[in-house]
Amino acid sequence: MGKAFHRPEALADVVTHYCPGCTHGVAHRLVAEVIDELGIRGRTVGIAPVGCAVLCYNYFSFDFQEAAHGRAPAMATGIKRVRPDLMVFTYQGDGDLASIGMSEIIHAANRGEKFTTIFINNAVYGMTGGQMAPTTMPGQRTTTSPFGRKVAETGMPVKVAELLSALETPAYIAREALIAPKFINRAKKAIRKAFSYQAADTCFSLVELLSTCPTNWGVTPVDALKWVEEKMLPYYPLGEYKTPEAGRLNPAAGRKHAE
Amino acid sequence: MILGDGLIGQMMEPVEFPDHLQSQPSNKDDWATNGMQTRGSARRNLVKTLYLVPEELNAHNQKLKAKYDRMVREEVRCEPYNLAGDYRVLIVSYGTMSRVCRTVIDNFKRDGVEVGMVRPQTLFPFPKQAVYDAASKAGCRAVISVEMSMGQLVEDVELSVKGVAPVHWYGKCGGEVPTPEEVMEAVRKLL
């Protein structure tokens, strides 16, 4: 009988620093599995964000670089343009990508840079101490919105997948969630598609992954998963927002998240 | 690091890059994230500057310090002007302002008054030793930092002079370039 479950080669055999219940580990594993399955570990370069996942390079076993805060897309642009044969991806959280790095990601996507972005949206700044992010939900308590995010003062959360899919250039934009096996399987398919499009020399691809932060949300890991399902899913609909084949899609109108 | 000012910042002219700037480092495979397959290695490369363990960060900082020390030894550049003979005042000035100061020094020379200048071309590392040596010369009564700023340079000059001569400052900013006459007036007070 063969071994059914093993650590992907692209994932380093180390213990991570992530908090219990954090879904970075799931996201890392999915990326590593896809890299293994596509057989691209030897020609993949990852770009780490600033945030909890800055140390993600310790958990992958292929070439990696740090970037200045929010500037992973610029680093990826340079590497991919110089070496189009490499598979390049950025791994960024919502503070890195949707706050300080918003301009970088929009222009990289709009230029049609041929790299992939894995975007972790957990509605809060994790590493810096649970401050409000552009993706924080209305009414959500954070250390800088102790009475809950007031929409009248700070607007509604930024929907990155919708925002980027409004651009004409990007090839593939999807949003999935890392909260239960059925969702995680869908997320892996989306990540695999994103990397496959890059392998086929198709331009910019991004997968947004709704994630948890039990520590900064102040809830248990199990409640964190429930919170994503109850609070985030209705506001951040899952599905493909843009594909090279079908163009722009509207998951919010088209289908239910849990189908 | 280029010592700029408003005029230099707005100058444009064609630049030719010499061929040797396009050469590739020979040890690239030791560090570059060019893909493990590219260099036929099972070892991955990691480009980073974040070190969370104090001992590791200290070691990294020591490495950077050694690099900076080498820059101090090999990369410091400055241009002396009228320092061969005796002079009563030493000007330290860079960029557009240093061009005006040359005229100032030439004008003084015609009147039989000797003024010298050190023009820093590198700011970091700063040409400390050259400024100190020039300020230490017998007969040098004062040092003046002449700038198109409110004193960005004068503190470096003070640190370099180490008290061997009093350090003064003259400058204007906002894009107004001091005339040779105005600089001469400031220098004359120190003669």
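These are my notebook entries on what I looked up in a predicted model with chains A and B.

**Entry 1: chain A as a whole**

I began with the make-up of chain A, whose secondary structure comes to 10 helices and 8 strands. I then looked at its radius of gyration, which is 17 Å and close to the 18 Å that the globule rule gives for 259 residues, so chain A is as compact as a globular protein of that length. Taken along the principal axes, the box that the C-alpha atoms of chain A fill is roughly 50 × 45 × 40 Å. I noted that 52% of the 259 residues of chain A count as buried. Among the contacts in chain A with a separation of 6 or more, I found that 66% are between residues 24 or more positions apart.

**Entry 2: two helices of chain A**

Next I looked up how helix 2 (residues 72-82) of chain A packs with helix 4 (residues 102-111) of chain A, and I noted an angle of about 35 degrees, with the axes 8 Å apart. From helix 2 of chain A the residues in this contact are A:Pro73, A:Ala74 and A:Thr77, and they meet A:Glu104, A:Ile105 and A:Ala108 in helix 4 of chain A. Sorted by class, this contact has 4 nonpolar, 1 polar and 1 charged residues.

**Entry 3: where the chains touch**

How many residues does each chain bring to the contact? I found 14 residues from chain A and 12 residues from chain B. On the side of chain A that touches chain B, strand 2 (residues 63-66) of chain A gives the most, with 4 residues, and by class that side has 7 nonpolar, 3 polar and 4 charged residues. Strand 2 of chain A also pairs with strand 1 (residues 46-47) of chain B, in the parallel sense and over 2 bridges; within this pairing, A:Phe64 has B:Leu46 as its bridge partner.

I then followed the sheet that holds this pair, which is an open sheet of 9 strands with mixed pairing, in the order 8(A)-7(A)-5(A)-6(A)-4(A)-3(A)-1(A)-2(A)-1(B). At its edges stand strand 8 (247-248) of chain A and strand 1 of chain B, each with a single partner strand, so one side of each is left without a neighbour in the sheet.

**Entry 4: the sheet of chain B**

For chain B, the domain assignment gives domain 1 (46-75) and domain 2 (78-188), and I noted that the C-alpha centres of these two domains lie 34 Å apart.

I also found an open sheet of 5 strands in chain B, with mixed pairing and the order 2-4-3-5-6. Which strands stand at its edges? They are strand 2 (78-81) and strand 6 (167-171) of chain B, and each has a single partner strand, so one side of each is left without a neighbour in the sheet. Direction ignored, neighbouring strands of this sheet are turned by 20 degrees against each other on average.

I went through three pairings in chain B:

- Strand 3 (residues 89-92) and strand 4 (residues 115-120) of chain B pair in the parallel sense over 4 bridges, and B:Leu90 stands opposite B:Gly116 in strand 4.
- Strand 3 and strand 5 of chain B pair in the parallel sense over 4 bridges, and B:Val92 stands opposite B:Ser145 in strand 5.
- Strand 5 and strand 6 of chain B pair in the parallel sense over 5 bridges, and the bridge partner of B:Ile144 in strand 6 is B:His168.

Strand 5 of chain B has 5 of its 6 residues buried, so it is largely enclosed by the rest of the structure.

Turning to the helices, I saw that helix 4 (residues 95-110) of chain B lies across strand 2, strand 3, strand 4 and strand 5 (142-147) of chain B, running at about 165 degrees to strand 4. Helix 6 (residues 154-161) of chain B packs on the sheet as well, where it touches strand 3, strand 5 and strand 6 of chain B, and its direction makes about 160 degrees with that of strand 6.

**Entry 5: backbone exceptions**

I kept in mind that most residues other than glycine have a negative phi, and most peptide bonds are trans.

A:Ala123 is not a glycine, yet it has a positive phi of about 65 degrees; I placed it in the loop between strand 4 (116-121) and helix 5 (151-154) of chain A. Is A:Ala123 buried or exposed? With 27 other C-beta atoms within 10 Å, A:Ala123 is buried, as the cut-off for buried is 20 or more.

A:Asp201 likewise has a positive phi of about 65 degrees although it is not a glycine, and it is found in the loop between helix 7 (181-199) and strand 6 (205-210) of chain A. A:Asp201 has 9 other C-beta atoms within 10 Å and is exposed.

Finally, I noted that the peptide bond from B:Phe124 to B:Pro125 is cis, with omega near 5 degrees, and that B:Pro125 is found in the loop between strand 4 and helix 5 (128-136) of chain B.

Technical notes. Residues numbered from 1 in each chain as written. Chains lettered and ligands numbered in written order. Predicted model: local features only at pLDDT ≥ 70, side-chain atom pairs only at ≥ 80, totals over all residues. Axes fitted to C-alpha atoms, helices over the stretch in contact; angles between N-to-C directions. Contact = placed C-beta atoms within 7 Å. Nonpolar A, V, L, I, M, F, W, Y, C, P; charged D, E, K, R; others polar. Rg over C-alpha atoms; globule rule 2.2 N^0.38 Å. Buried ≥ 20, exposed ≤ 12 C-beta atoms within 10 Å, placed from the backbone. Pairing = 2+ DSSP bridges. Domains from an automatic or database assignment.
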